[in-house]
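Please explain how the cysteines of this protein are placed, and then how the chain as a whole is built. A formal account in running paragraphs would be suitable.

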Amino acid sequence: MHGKNVMKKTKIKICGITSTEELKWLMEEKVEYAGVVLFYKGSKRYCASEQAECIVKMAKEQGEIIMVAVCVSPTLEEMKLVCDMGFDMIQIHGEINTQTISQSKIPVIRAYSHEHIPEEAYAKEPNLSAILIDSVRPGSGEAYGWNQLEQKDIQKIRSSGRKVFLAGGLQYDNVSLAIQIVGPDVVDCSSGVERDGLKGKDREKIRNFVREVRRYE
């Protein structure tokens, strides 16, 4: 499958933004998806609900960008809060059952380690709109061998009508290779566009990452 999907437009998701300024940068670069980490205080990218609401409000008022709430094993109550805040999608890591997914009022992106994509990723579930393939430790910035991904698994995801999001150690100097090998619908970057040794995103790294992906349009 090398190079098979290179000519299609690969969309971009920048994950773990924590401010309206960072959202503004994404909108200036016409990034399609923005991820905000909610409820999980163990993440350095954790965003308090009040701030998240400000970010979503700005997105709705000023640009066309899909806002994604990133959650770890969310409860039904947390999923309801995500909807109430105005998010467009919810990305779920950790544990969640299919019945809970079916109760979501917005589309779900389900995240799995590249080492194990379970059969439930291909099961019939209307709310499950995308599968995100990540490294073993999500958010770590660790890359893995994308050629390790079973192409039959990628095809099964697509056959189930779902988009393929690719994450895990992506940055401007390796995203081209990832696109050529996997041909994902969306590339998802967080650590790769962060300030060196500091909290928050780096404006120039975002620009460089976007430019590299856009080369394939």
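This predicted model contains 0 disulfides. A disulfide requires two cysteine sulfur atoms within 2.5 Å, and the distances around two of the cysteines show why none is assigned to them. For Cys 71, the closest cysteine sulfur belongs to Cys 83 and lies 10.0 Å away, which is too far for a bond. For Cys 189, the closest cysteine sulfur is that of Cys 15, at 9.6 Å, and this separation is likewise too far for a bond. Cys 71 is buried, its relative accessible area being 1%. Cys 189 is also buried, with a relative accessible area of 1%.

Turning to the chain as a whole, the protein has 7 helices and 8 strands. It comprises 217 residues, of which 53% count as buried. The accessible surface amounts to about 10,300 Å², and carbon and sulfur atoms account for 48% of that area. Where contacts link residues at least 6 apart in sequence, 56% of them join residues at least 24 apart.

One helix pair may be examined in detail. Helix H1 spans residues 20–28 and helix H2 spans residues 49–62; the two pack with their axes 9 Å apart and at an angle of about 30°. Because angles under 35 degrees count as roughly parallel, H1 is described as roughly parallel to H2. The crossing of H1 past H2 is right-handed. On the H1 side, the contact is formed by Thr 20, Leu 23, Lys 24 and Met 27. H2 contributes Gln 51, Cys 54, Ile 55, Met 58, Ala 59 and Gln 62.

Key
Residues are numbered from 1 along each chain as its sequence is written. This is a predicted model: local features need pLDDT of at least 70, side-chain atom pairs count only at pLDDT 80 or more; totals for chains, interfaces and linings use all residues. Side-chain values use heavy atoms; hydrogens and water are left out. Helices (H or I, at least four residues) and strands (E, at least two) are DSSP runs, numbered from the N terminus. Buried means under 20% relative accessible area, exposed over 50%, partly exposed in between (1.4 Å probe, protein chains only). Contact means heavy atoms within 4.5 Å. Accessible areas come from the Shrake-Rupley method with a 1.4 Å probe; for residues, only the protein chains shown count as cover. Axes are lines fitted to C-alpha atoms, for helices over the stretch in contact, and angles run from 0 to 180 degrees between N-to-C directions. Angles under 35 degrees count as roughly parallel, over 145 as roughly antiparallel, 65 to 115 as roughly perpendicular and the rest as oblique. A crossing is left-handed if the near helix is turned anticlockwise from the far one by less than a right angle, and right-handed if clockwise.
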